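Trainee: Could we go through this model together, starting from one chain and ending at the packing between chains?

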Amino acid sequence: MNWTSIGKRLGAALVVMIGISMLIFAIARVMPGDPARIALGPNASAEQVAALRAERHLDAPLPVQYFEFLKALSRGDLGKSLYTNRPVTTDIAQFLPATLELCIVSAIVMVLLGLPIGILSAHFRGRMPDHLGRLVALIAVCTPAFVWGVILQLFFGYFWPIFPIEGQLMQSTPVPPHVTGFLLVDTLVAGNGAAFLDALYHLVLPATALAMSGLGQCARLTRSNMIEVYDKPYVEMERAYGFRPFRIATRYAFRPAFIPTLTILGLEFAAMLGNAFLVEKVFGWPGLSRYGVEVIIRKDLDAIVGTVLIIAAAFLIMNILVDILVGVVNPRIRLAAGRG
Amino acid sequence: MSEPGSPVVARRGGSRAVAAFVGNPLSVLGLVIVVVIVLLAVFADFVTPFPDHVGPIGDFAAMSAAPASPYVLGTDAMGRDLFTRIIYGYRLSLIMAVVVLAIATPVGVIVGLVAGYKGGWTDYILMRITDVFLAVPPLVLAMAIMGFLEPTLMNGMLAITAMWWPWYARLVYNVTRAEAQEGYVLAAETVGASTLHILFREILPNCWPSILTKMTLDVGFVILMASSLSFLGLGVQPPTPDLGSMVAEGAKYMPDGWWLSLWPALAILLVVLGFNLVGDGLREAFEAEN
C-alpha cells in the first residue's frame, strides 16, 4: 500500500461520506410531518414552531437547506440537540468514548477468542474439537447481541453472580478525572490501578456479548482459510520434513490464512457500532446508545443526523485502517499497489 | 465433448445436490427446525393453547407464573401464556422476513445486474449509492428511519428493506461482473440478443444459487434485525406479540422472572439458527452440483 492508493481510498471514502450526509439529510427532511412541530411537541404555539422553522432554515428549498447544513458541518457544527439543549458535538463527545471503548475491547475479545477457535477447528478438522468449535461459532453468529447480553447477565450476574451487570464502575470507585473519556485510559492516567481493574471487570460481560457475533464469523472464516492453506503443497512439504504441527500452524499456515479474516474485521467492527446500541441498553452502559434512542424517540433532528454521521465516519475510518493494514501484512497486495 | 445440456446429466446433478443436503445431519436438523416453526406459525390459531392471549389481557390468576402446566413456558406480567405469544411472535417475524426479502431482493438484483453488465458511469453511480447504504451499520440506519416514522409493522418492514437491498446489489454485481466475460454472454451479444435478454435470461440464471442461499440465510437475519429494532422499542408496539419486545419487557423482571426473557431470547436464536443451517446446507448442495 503506497501513498497514491491510500489517497485514492480516502477520495472514495469522501464520496461515500458525502453520500451518507445526503442520505441521512434526505431521510430527516423528506419524512412526513413538520420536523419543527414534531420536535416541539403538540403543546408548542404556532409562533414557536415558526421561529424554529426559521432558525433551522426549514422553509428554504431542500438544496439550500443541505448547503446550510454543509456550511455548518465544515465549521464542525452539527446543530443543537433539542433534547439536551446543547450542541450535538458536545453530546457526542460526551457519549462516544464509552461506546468506542466497549467496541474496541469487544474487537480484542473477538480476535483473541475467534482466531484460536478457528485455528483449532482447522487443526482437528472433522474431529470432536472441530465439531464443537463450528457449533459454538454458528450459535454465536445466529444470536442477536441483546440475547447474549440477557443470557450472560442471567447466568453470570444472577444465577452465579461473579460479574457486575450494570454500568462502568462500582459506586464506591471514584470516577477518574476526565482526560480522554476512555475509562481504561483515564484510570491509568490517574494512576488508580484498582479503578482500572474495576472498569475492566465491568467490561467483561458487555464486551463478550458484543463480541459474540463477530467472534463466530472470525472463527468460521479462519477455519476455512486455514483448511485451504493446509491443503497447499508447501504445507505438505513441511509435514514431510517433520516440522511440528504447532510450528506449521503458527509460522506457515496462519499468516496467509489471516489476511482474508483481517478484511472482515472492519465490517465486524462496524456491526459492533450498531449492535452496541443493543448491548448498552441491556447493561445500562452510558454510551451513545441511550442518547441515540432518546433522540430518535423525541425526533430530535440534528441529534439523529449527527449521531448517524459520526457512526458512519467511525466505520469508514475503521475500514480504511483495515485496508492499509491488509496491505502491510500481505506483500502481494503491497507490491501490486506499488506497481499500479 | 460432453453434453452439458442433456437432461440425464441435469437430473443426476440435481440428485447429487439433494444427496449433499440430506447427507449433512446439520442441514437436515435446520430443515426440521424451519419446517416445525413455519407450521406452528401458520397454524398458530389451532396449535397454541391460549390464542386469546395475543391481546393485552391474560389470566389474572396466574400473573408471572413460573413454567408449569398448563403454562409450559410460564406467563408474563399480564398472565399471558409465553408459549402462545412466542408462536405468534414467530408468525409476525416470518411475515416481516418474507415481505422484506420480497421487496429487497428484486431491487438489489436489478441494480446489481445493470451495474455489473453496463459498467462505466452506470456502474460507478449505482455502486457508489450502494456503498453509501453499506457504509452505515444496518441497525443504525434502520433506527434512524424508524425515528422519523411511527413505529408500526409496515414502517418497520420499510426501514429494514431500505437497508437490505444493497447486499443483494453487491452480491449480484460481483457475479455479473465475472459472468459478463464468459463465452456464452459474448455469444449472445454476437447474435444480437437484447440487453434485457442477456441480463435476465443469460446472466440471472447463473446468479440464482447465490441469491437463493443468501435469501435463506437472510430470513434468519431479517428476523434478527427486526427483533433488535423492537428490543429498542422502535418496532411493533404492544400488545402485538413480538420476540424482541418480549425480551426487553422480560428483562425488567430479572432474575426472579428469568423465563420472561430467556424463552423469547432462545426462540430468536432457534429460528435464526434453523435458517442458517438450511442456508449453509443449500450452499454445499449447490457446490456439490457443480
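The exchange below takes up the fold, the contact between chains, one helix pair and the nonpolar core.

Mentor: Keep in mind that this is a predicted model, in which local features need pLDDT of at least 70 and side-chain atom pairs count only at pLDDT 80 or more, while totals for chains, interfaces and linings use all residues. Residues are numbered from 1 along each chain as its sequence is written, and chains are lettered from A, with ligands numbered from 1, in the order in which they are written.

Trainee: How many helices and strands does chain A have?

Mentor: Helices (H or I, at least four residues) and strands (E, at least two) are taken as DSSP runs, numbered from the N terminus. From the N terminus on, every element listed for chain A is an α. The count for chain A is zero strands and 14 helices.

Trainee: What percentage of the residues in chain A is buried?

Mentor: A residue is buried if 20 or more other C-beta atoms, placed from the backbone, lie within 10 Å of its own. Chain A has 340 residues, and the buried share of them is 41%.

Trainee: Which helix gives the most to the side of chain B that touches chain A?

Mentor: Two residues are in contact if their C-beta atoms, placed from the backbone, lie within 7 Å; the contact takes 39 residues from chain A and 36 residues from chain B. On the side of chain B, α5 (120–134), α6 (138–148), α9 (195–231), α10 (243–251) and α11 (258–289) each supply at least two residues. With nine residues, the one that gives the most is α11(B).

Trainee: How are α1(A) and α5(B) oriented relative to each other?

Mentor: Axes are lines fitted to C-alpha atoms, for helices over the stretch in contact, with angles from 0 to 180 degrees between N-to-C directions. The axes of α1(A), residues 3–30, and α5(B) come within 9 Å and cross at roughly 70°. Since 65 to 115 degrees is the range for this class, α1(A) and α5(B) are therefore roughly perpendicular.

Trainee: Which residues of α5(B) does α1(A) meet?

Mentor: From α1(A), the participants are A:V15, A:V16, A:G19, A:I20 and A:L23. Their partners in α5(B) are B:R128, B:I129, B:D131 and B:V132.

Trainee: Which helix gives the most to the largest nonpolar core?

Mentor: A nonpolar core is a set of buried Ala, Val, Leu, Ile, Met, Phe, Trp, Tyr and Cys residues joined through C-beta atoms within 7 Å. The largest has 175 residues, and among those touching the most other members are A:V279, A:V308 and B:I160. With 18 residues, the helix giving the most to this core is α4 (residues 82–118) of chain B.

Methods: A residue is buried if 20 or more other C-beta atoms lie within 10 Å of its own, exposed if 12 or fewer, and partly exposed in between; C-beta atoms are placed from the backbone. Angles under 35 degrees count as roughly parallel, over 145 as roughly antiparallel, 65 to 115 as roughly perpendicular and the rest as oblique.
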